[in-house]
Each structure stands twice: as C-alpha cells, then as structure tokens.
Amino acid sequence: MASIHSENFDVRPKNAYVNHLTYTSSDESVAVISDSGMIIPHKTGIITVTCSAANGLHDECVVYVGLEAEALIMNTPSLVVGLGEGFDLNSFVVGNGHFAANRFFYSTDESVVDVDYRTGEFTAVGLGKAKVVCKLINGVTAECEVEVKELSPTVRLNVSSVTAGVGETLGFVSYAEDGKAVISKEYYSEDENIAVIGRTNGLMTGVSVGSTRIYCQLQNGFRVYADITVKPAPKTVTLNATKCNIKVGDVIRLKEFFNDGSYNTPYTLEWTSSNKAVSIESRSGYLVTLKAKALGTAVITAKTYNGVTAKCTVTVSGSNIKCVDVSSWQGGNIDFNKLKASGVNYVIIRAGFKTTADNQFVNNYNKARAAGLKIGSYWYMCAENLSEAKAEAQACIKVLGGRKLDLPFYYDVEDPYSLKINSQATLTNMSVAFCDALKAKGYKVGIYSSGSVFAHNNKLNTDLFRQKGYSIWDAEWASSNTVACDVWQYSDNGSVSGIDGNVDMNLIYNLYIED
C-alpha cells in the first residue's frame, strides 16, 4: 500500500539476482513506477505493478493507493516491562482509505529503551521511562510510553483454584512482585483434555469434566499453579421469581439457580434488562439487585455462558418516591432535616414569578442542599406574550445564579389570564422560548401544568415537549392521573413533618430526570 502526495514505495523483488528488470503500472494516472522499482503515486486508486525480466519471468503486485495518513495509533499506548525484556510494537493508520507504507520507530531515551527503527521491536536496557515513537514521513506520529522496572523473578496468579463448566472461558492474570515488572510469561495446562489455556492471554476454557492444573511460567523457569475443576455445563436455569410488581424507587433482588451437578461461575453469568424502567444496580455472586426507575415493564434475563436462560417479568406501576414543592407560601422556617427524615428526599423550590425572585428561594435552596435533599426548581409564568416569556427566562437565569439542580427546572404554565388570552401555539412557543433559554445554561427543563391543559394537546403542545425531551410535571389532585408524566402532583393540601400547614405533594414516576 502507498499513500499519495509525498510517499514513494519500493516494490523491487526480494533476493532477485536477475539483471534488466522492467516495471510497469496498469494505470499511470494512479501511479508510475520508476526504473529502480519505486512507486510514485499521483491519485487514489488500485493498480497492478508488473516486474518483468529479459528471460520472460515476471511477477505482479496489487497496490492500493490511498490518502496519506493523517493519524496513527500504537497497538498499546503504554507498557510496564522488566529490565532486559523485549516487546514488539506496531502502529495502525486511523481512517478508512488512508495508508502509510513507510514508517520508522525511535526511542526518546535510548539508555532506557533500545528500539529497532524498522520493526518497532524494543528491548528494555535501563530503569526509567521513555517513549517509543512511530513517525511517518509526513510528520504524523504515535507514541507508547514505556516504564522499565526491575525484572520480577516471580509472579502470583489472581486465583489459586477455580471451578468452571464445560465450555466456559475464564481469564487468569498474573502479578509481578511489588515494585517490579515482567511481561515475558506464558500459560500452560497440565491436561488439555480437561482444560486449555491461551499461551499469551491466560484465557482458560473447560473442555471436559475432571481436575487438572494450569500454570504461568516465566523465562527464568519460575512457575505458579492454580487448581482447575471442570463440571458439566448447566442444562436448566431458574430464578427465585418469574413475575414481580413493584413501584418506582423499589429495590428487589433476583437469584439464579442451575441444575444440580452443573456449574456456571458468577463472572460469566449475564444479566440484562429489556427496558430501562428497571435497572441492574449491582450484582454479587448469583444475586442481582434491581431498581425500579420508571413506569413500564421489563424482562430481566439471566443467561449462562452456554446460552441457557431464565426470565422474570417486572412490572413497575405507581411510585414510592415522594417529592414536595415549596415557595414563600410555606414561610421561611421549613425544617428540611425533618422533611428528609420523614422519607421525602426530593423538593422542587420556586425560584420566582413574572420577573421577581421568590424571597425564600435562596434560603430554601441552601437549607435543602445542606440537608442532602435532591433539588428541582420552577418559575411561575405570568407572561402574556413571547417577549415577556423571554424576559422571565432571563430574570430566572439571574435568580438561579448558576446553582446546581438535581431535577429539571420547570416552567409553571397555569396562570388563568395567560391561558385565557393565548392560543395553544402561542403558549407553546412561549414555553419553548423559556425552556430553551434555561437549557442553554445547562439545565434539564420541563413544563408544569394541569392535566386538562396537557391532555390531548389542549392548551399546550404536549407532544412537542416530549419530542424536545422536556420533562412533564402533571397536576391532577385525584386518586390517579391521566397524563403520562415524570412527576405527578397529586395533592395541594398535603401534610409532612418539617413544614407548617399544607404543602403540594408529588410522586416521581421517572428517576431518570435526576442528574
């Protein structure tokens, strides 16, 4: 392969003792061949180079002429090696259709790393750090940072014994002595009828039922062993549940079992969720912890290394995540610590209305943050037209002052007069202008209003908001809500510890709105 612009390439035959060789290109508009066998590229394309001798002997070479390489990467960006060890570095062109036939390697400190300039093979000759650089004739480079430590005479394995199923693959890792390094090592199995292992990568696969040992060997002859037990592969898999009904915020655990006598290590057991409504939070052994994050149904699948599966259908309906929204109407003495202790971990704080700051916003924000609550905020819309909505957005941004929010910032579209005098299109445009101004400052955004305003795109284009990724906060003071939403305000006269008097109560239906 050759690249156009500046790179030539030598195609003379190896070990040729024939005089009077001639070279021809199948397409000289792509590249021509000099009398000495050098390819001189002109444009991208494919040619066949033919070398002919006077006695009729000839040979051909297909040459791809592409764009000159503009980026290069090494086969590894960094290495830690032992003194005296070697390694073969290589480089790869980045970008389809880009080539570089001519490249050379050098060391930034030859007292630490000695490298063959043609092949990239190097030897660690001194303690310290150096970079091995691969450079193209156009100046493009790639680097590998090499650290040379004392050569470790021994290693230890990550495990001393392991059980696997037939056909299961597990990885072994060896560690050098503290402060030392060694990369020249190989892995072996004492009985490859029971288990085989990759010579250089340490990947072991169970072959048949039985016991054996694998070992890692250094060039100095040192060996470290691990006991291997191989059992039959699983034929059946079950879970401790096949159906679950939970609410947003709930945590459940599933456990996997396979048929007696068979085996599947926990490391190769695969857990997946078909819907982000239920997330896989953690796993320990054959136990997985799931959390309901949003409304919906998810199928949780446990899959063994040999493809046997078990499933549990988890349906998430309702929520156990309580949230209050507060403003100056609740006064300045909210006890957010009591609020959190009562089980309310989320609060949405009014930042202001029209172009005026809520006089308790800063106080409420600071106390809620100190108590460890997750915070969202909202602005009560009084705007009567697009210009006033934009002015409200700028006033809101000033009041926020760059404060961090955990939940979205909501534009509260419920003012009776604004709803009365404006069309759906105008109200929607006003809301978008406000939200996009906040979004440009890095905030997640959303719209608050009543179910009747949201429903069927009545006074707001709810479908458009969803398309733009806005969160929907729906106010319906009833036993259930009718609008699909992230937050449902179900009451305006709730009572919670830490707040005197009534307060709006909400349930969060989608925990993904949280940063």
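Q: What share of the 515 residues of the protein chain counts as buried?
A: The share is 45%. Buried means under 20% relative accessible area, exposed over 50%, and partly exposed in between, with a 1.4 Å probe and protein chains only. This is a predicted model, where local features need pLDDT of at least 70, side-chain atom pairs count only at pLDDT 80 or more, and totals for chains, interfaces and linings use all residues. Residues are numbered from 1 along each chain as its sequence is written, and side-chain values use heavy atoms, leaving out hydrogens and water.

Q: Why is Cys61 called partly exposed?
A: Its relative accessible area is 34%. That value falls between the 20% and 50% limits, so Cys61 is partly exposed.

Q: Why is Cys61 not bonded to Cys51?
A: A disulfide is a pair of cysteine sulfur atoms within 2.5 Å. The sulfur of Cys51 is the closest to that of Cys61, but it lies 10 Å away, too far for a bond. Cys382 is in no disulfide either, with its nearest cysteine sulfur, in Cys396, 13 Å away. The whole structure has zero disulfides.

Q: What makes the protein chain more spread out than a compact globule?
A: Its radius of gyration is 34 Å. The radius is taken over C-alpha atoms, and the globule rule is 2.2 Å times the number of residues to the power 0.38. For 515 residues the rule gives 24 Å, and 34 Å is well over that, so the chain is more spread out. The C-alpha atoms fill a box of roughly 100 × 65 × 45 Å along the principal axes.
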